Amino acid sequence: MFFFGFASGLPFLLVAGTLAYWLREGGLELKQITMIASAGLAYSLKFLWAPLLDRLRLPLLGRLGQRRSWLLLAMTTVIAGLLAMSLVGPGQLLLFVWLTVAVAIAGATLDIAVDAYRVEIAPPQYQGALVATYSLGYRIALIITGAVALVLADHLAWSWVYRLMALAMGIPLVACLLAAEPQVLRVRTEGWVQGLREGVIAPFADFFQRFGWGTAGLLLLFILSMKISDQALVGGIIGPFYLDQGFTKTEIAGVTKLYGIWVGIAGTFLGGLAVARWGVQWPLLVAIVAGAASNLLYLLLIGADGDLGLLTIVISGENLAQGLLGTCAVAYMSALINLRYTATQYALFSSLIMLPGKILGFYSGAIVQAYSGYASYFWLSTVLALPAVGLFFVLHKRHKLVVSSAPPQEQGG
């Protein structure tokens, strides 16, 4: 799970935050940068093709098993896409954008496969440990694609940086070949009609049948809103913001991508301890509020003129809250899954949780330009978390967030 977490984390910044630095140095406007760096929106739409990973066997890779064959395909596609981006560059902008989208789709597919593998490889009582180990690998990848990539970019051309990032994906690829395949019996259907019903319709119908239409709808709205503040700063807006406040790429790498990642890891394990001690509900509420409030810390950096002390304070608070919310959110969504439809249902939840923030991030450059400053965007991203707090109390009053009253997860048969 450490290596699979590393694989999931590797392409994420390379089509978003880190990519924004390359585009900025290429002379693109902020509005263009945030739109192109929002190729990561594919991560919010992955539920659309997630049924394929539950239903479709890959003929040439079938011997690896359902999960590992998709893992291997996604990893090799990411490698090929990053190499192609390095050869094309932003100079051929249209082709470069399409390659970026392709890498984002491959990365999102990798996310689907890894999440399904994690849920299926071990029973629920071990999921906390798997999430923590996965998160460690994921954040190590963020250090490499964030901090290391930015430092390298001070000494190498961006094209060579992306080639080195593609090379790093070879490590989890080897791990995939050595890993065990989850022992899950899968329902196989004959014909396209039955396959469509079982692979696409049944996973969504199951969710609404188990919880009822009203509660299921509230749950989906809650999932949509709980990480909007967190995801709003992941895309292309934050890199140009740091540069505009007078920080160098090396300083940004050291504080936000190296030190900040380890603070995030601490937040991740803090979330795991909180869930183990108090359950998922109240730690989740604290994490949502902390995650939203941490965005206001960025107001301190406006006009900071390269003050590393201020940057360290801001990153400490923001990344700690981000790690805490990440663990609590994963634990909550995992409790809602029916193992018969692991990939599809978890992909739906993990897509929805990122979608609003990604859409907001897409327009972030336009918002900053329209209101002549970053402050309005940071306030907006914070206030938009209020619906999640309201939905928390509605669900808690009606069904205790459903986690404690949900029926046992079903094993595919």
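This passage describes the fold, the surface and selected contacts of a predicted model.

The chain contains 20 helices and zero strands. Of its 413 residues, 58% are buried. Contacts were considered between residues at least 6 apart in sequence, and 82% of these join residues at least 24 apart. The accessible surface of the chain comes to about 16,400 Å². Carbon and sulfur atoms account for 70% of that surface.

Two buried positions illustrate contacts between separate parts of the sequence. Leu10 belongs to helix α1, which covers residues 2-14. Leu10 counts as buried because its relative accessibility is 0%, and the cut-off for a buried residue is under 20%. Along the chain, Leu10 and Ile140 are 130 residues apart, yet their C-alpha atoms are separated by 8.8 Å. When neighbours within four places in sequence are set aside, the residues in contact with Leu10 are Leu82, Ala141, Thr145, Met165, Ala168 and Met169. One of these, Ala168, also takes part in the meeting of α8 and α9 described below.

The second position, Val263, is found in helix α14, residues 249-278. With a relative accessibility of 12%, Val263 also falls in the buried class. The C-alpha atoms of Val263 and Ile315 lie 8.3 Å apart, although 52 residues separate the two along the chain. Apart from neighbours within four places in sequence, Val263 has contacts with Ser316, Asn319 and Leu320. These three residues fall within the range of α16, given as 308-334.

Helices α8 and α9 were examined as a pair. Helix α9 consists of residues 170-178, and its axis is 4 Å from that of α8, at an angle of about 15 degrees. The two helices are therefore roughly parallel, since angles under 35 degrees are placed in that class. On the α8 side the residues that meet α9 are Ala166, Leu167 and Ala168. Their counterparts in α9 are Gly170, Ile171 and Pro172.

Leu167 also belongs to a nonpolar patch on the surface, together with Leu156, Trp160 and Leu164. The area of this patch is about 420 Å². Leu156 is located in the loop between α7 (127-153) and α8 (158-168). Its relative accessible area is 37%, so Leu156 is classed as partly exposed; that class lies between the limits of 20% and 50%.

Another loop, between α15 (281-294) and α16 (308-334), contains Asp305. This residue is not a glycine, but its phi angle is positive, at about 55 degrees. Asp305 counts as exposed because its relative accessibility is 68%.

A search of the whole structure gives five salt bridges, and three of them are described here, beginning with the pair Glu120 and Arg67. The side chains of these two residues meet with an N to O distance of 2.8 Å. Glu120 is part of helix α6 (residues 93-121) and Arg67 is part of helix α5 (residues 66-88), so this salt bridge ties together parts of the chain that are 53 residues apart in sequence. Both Glu120 and Arg67 are buried.

Helix α5 also supplies Arg68, which forms a salt bridge with Glu181. In this pair the closest N and O atoms are 3.8 Å apart. Glu181 lies in the loop between α9 and α10 (192-211), so the pair links parts that are 113 residues apart in sequence. Arg68 is buried, with a relative accessible area of 10%. Glu181 is likewise buried, and its relative accessible area is 17%.

The third salt bridge joins Arg118 to Asp115, with 3.9 Å between the closest N and O atoms. Both residues are in helix α6, and because they are three residues apart, about one helical turn separates them. Arg118 has a relative accessible area of 1% and is therefore buried. Asp115 is buried as well, at 8% relative accessibility.

Methods:
Residues are numbered from 1 along each chain as its sequence is written. This is a predicted model: local features need pLDDT of at least 70, side-chain atom pairs count only at pLDDT 80 or more; totals for chains, interfaces and linings use all residues. Side-chain values use heavy atoms; hydrogens and water are left out. Buried means under 20% relative accessible area, exposed over 50%, partly exposed in between (1.4 Å probe, protein chains only). Contact means heavy atoms within 4.5 Å. Accessible areas come from the Shrake-Rupley method with a 1.4 Å probe; for residues, only the protein chains shown count as cover. Patches are made of residues with over 30% relative accessible area and no salt bridge: like charges are joined within 9 Å, nonpolar side chains (Val, Leu, Ile, Met, Phe, Trp, Tyr) within 5 Å. A salt bridge is a side-chain nitrogen of Lys or Arg within 4 Å of a carboxyl oxygen of Asp or Glu. Axes are lines fitted to C-alpha atoms, for helices over the stretch in contact, and angles run from 0 to 180 degrees between N-to-C directions. Angles under 35 degrees count as roughly parallel, over 145 as roughly antiparallel, 65 to 115 as roughly perpendicular and the rest as oblique.
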